[in-house]
Amino acid sequence: MNLFNVDENYQNPTMEGYYGDFGGAYIPEMLYGNVETLKTQYLQIMQDPIFQAEFQYLLKDYVGRPTPLFLAERLSKEIGATIYLKREDLCHTGAHKINNTVGQIILAQRLGKKKIIAETGAGQHGVATATVCALKGMECVIYMGEKDIERQAPNVARMKMLGATVIPAKSGSKTLKDATNEAIRAWINEPNETHYIIGSVVGPHPYPDMVARFQSVISEEIRKQLKEKTGNELPTHVVACVGGGSNAAGAFYHFLNEPSVNLVAVEAAGHGVNSGLSAATTQLGTPGILHGSKSIVMQTSDGQVVEPHSISAGLDYPGIGPLHAFLYESKRGIFLSATDEEALESAFHLSKIEGIIPALETAHAFSVLPKMNLKASDVVVVCLSGRGDKDLATYMEHL
Amino acid sequence: MSKLELVFKEKSKRVLNVYCTAGYPSLDSTMKVMGSLQKNGADIIELGMPYSDPLADGEVIQVSSIKALANGMNIAVLFDQIKDMRKSISIPVILMGYMNPILQYGFENFCKKAKEVGVDGLILPDLPLFEFEQSYGKIITENNLDFIFLVTPETPVDRIKKLDSLSNGFLYAVSSSATTGKDKDFNVVAQYLQKLQAMQLKNPILVGFGIKDKATFDAATLHTQGAIIGSAYIQQLTKGGDIETTTSQFLNSVLGA
Ligand SMILES: Cc1ncc(COP(=O)(O)O)c(C=O)c1O
């Protein structure tokens, strides 16, 4: 495939939200009004100077942007290439998720909404949503899988402290997929006053594009910072973990149309891609519809969605955003994976050699560096999507 | 004239459409449930094809779907179970389900097979108008299946007209924006149904979501041709016991027979 012909599509899905064959809005009529309003207004609202002024102000003074681009010297020496870390872990609340929630809360206010609902896996998106709801004085209800409530207890406590109601999702695997189902059902049941803040580049159009745009600040900053540090705004590689794919979409966004930049997406292999306990969607999935968009989905031959497995709640999802499905299919993106064990190892290793304790999700991205056959001249940016405080209970089991 | 049209030609009031989940309560209960529904006064059967992630359904139908899947139900098994249904079932049968399992089965194959076994129409809540018009609608029409769109109290008038024009058999009026199995305030619903009635649509209207007993059935059918009952019937089946007895007691109580 000639990448140059499709470049434009990576940043701009069609009017109906398609990246190639992937995307769209496969939603019941009950959600039509809400989704249609978003679809017709999101670009206009996001481009409005008053919106932008508030968004930029909050990103700077509340979230703490720009986040640093840090040269990881010891890691670079070890890998044999120049490795920069994009420090999204230093964002307020500890992960990239807040870039999106700040944007969507201002948008929700513009749409006159009174109440916010959201799903969460690792709890980072839940915390980021509860945080902006507290900031804006909006009611906040978070759906979270029962299993994730257990393994991400500190984030549950933070959400409650921030004034949010946390509702356990008890169906299916009791993880992110089920929390998303419950959030969508809740939205169907009270569509008028409520805005649903989806936490990744998934869901019906316009969510994947909207979330990618809010997260694109990550790559916007990387370009500027790299230029300052190296004189060249283009790295050779950008590496990011992929659950639904929002930190990856943000880190890739301004490089999508730069064919010299290798975009490396790292999925969670769980116990191993072929172990039956995995969340490596592109390796195990086939085209299908999940949560309102057509993408690659882990499913049985009968079209029933399979319950994934990953040690990290944020990657424990049987789908990926439609943009990533298109990056995979068109080969613009390179899709690798890391197992639970490799991720744990990377988390401990990064902590020891750089003094940074990453989130378990993020740790997956570091696991692939030694396998990438990098050259001394390569300049690699790893999206350090979040910090590891929420995962201490898991880390303590392996100390 | 299609089977669905015939129903409304013969009966313009209190048409009863009952939803049941294929493969629930047990894998081979599908035909038994359908037979009991026909025998006890249902005018139309809406047969749900279970899916792991049914977004538009409330807890009762979700649980029945998960159970049906665990029982071994899938589209191929269902077509096999109902291949001879027209020997015993004369009322219209509509398949209700979500797009993903159908896409894996093959959309065109699915429509062909459905027609072949005698299915009359389809309700696919996550097949939106845009996608219907792009490609899927043509395949449905080519296979002579009726397609039934949903409308809600929030659906704009122009869109209702469009959805009505593309639907055949009847139009499915969701009583309020909600998943299945939620209670509704029927005074508010009544206003919306009166509005629909006044629009002089091409199709008869059946109301669904929140219809659970005689009172709600009476209220819902005051302004429309009929209503659809789902969760309330599944709840009765969940209690266990003889399917025929359960069905006859439940339908009698709803119809006031
Ligand atoms: C730190 C961190 N990184 C990554 C993810 C995965 O999400 P996404 O793929 O949308 O970036 C999460 C999700 O919870 C997260 O908390």
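The backbone nitrogen of B:Gly169 sits 3.4 Å from a polar atom in the side chain of B:Asn203. This is a predicted model, and that pair of residues is a good place to enter it.

Stay with B:Asn203. The same side chain also reaches the backbone oxygen of B:Ser167, at 3.1 Å. Where does B:Asn203 lie in chain B? Its place is the loop between helix 9 (186-198) and strand 8 (205-208). B:Asn203 has a relative accessible area of 8%. Buried means under 20%, so B:Asn203 counts as buried.

Now look at what surrounds it. Set aside the neighbours within four places in sequence. B:Asn203 is then in contact with B:Asp164, B:Ser167, B:Asn168, B:Gly169, B:Phe170 and B:Leu171. Among them are B:Ser167, whose backbone oxygen the side chain reaches, and B:Gly169, whose backbone nitrogen was the starting point.

Next, turn to the empty space. Rolling a probe the size of a water molecule over the atoms shows where such space is left. How many cavities of 30 Å³ or more does a search of the whole structure find? The search finds six. The largest has a volume of about 330 Å³. Its lining has 31 residues, and the closest to the centre are A:His96, A:Lys97, A:Leu176, A:Gly199 and A:Gly314.

Several elements of chain A build that lining. Strand 5 (115-120), helix 6 (124-136), helix 9 (176-189), helix 12 (246-252) and helix 16 (360-367) each supply at least two residues. What is the character of the lining of the largest cavity, by nonpolar, polar and charged residues? Eight are nonpolar, 19 are polar and four are charged.

Definitions and conventions: Residues are numbered from 1 along each chain as its sequence is written. Chains are lettered from A and ligands numbered from 1 in the order in which they are written. This is a predicted model: local features need pLDDT of at least 70, side-chain atom pairs count only at pLDDT 80 or more; totals for chains, interfaces and linings use all residues. Side-chain values use heavy atoms; hydrogens and water are left out. On a 1 Å grid over the protein atoms alone, a cavity is a set of points where a 1.4 Å probe fits but cannot get out, and a pocket is an open set with protein on both sides within 12 Å along at least five of seven lines; lining residues have an atom within 4 Å of a point. Grid points are joined across faces, edges and corners, and a volume is the space filled by probe spheres set on the points. Helices (H or I, at least four residues) and strands (E, at least two) are DSSP runs, numbered from the N terminus. Ala, Val, Leu, Ile, Met, Phe, Trp, Tyr, Cys and Pro count as nonpolar, Asp, Glu, Lys and Arg as charged, and the others, Gly among them, as polar. Buried means under 20% relative accessible area, exposed over 50%, partly exposed in between (1.4 Å probe, protein chains only). A polar contact is a pair of N or O atoms within 3.5 Å; within protein, one must be able to donate a hydrogen and the other to accept it, and residues adjacent in sequence count only if both atoms are side-chain atoms. Contact means heavy atoms within 4.5 Å.
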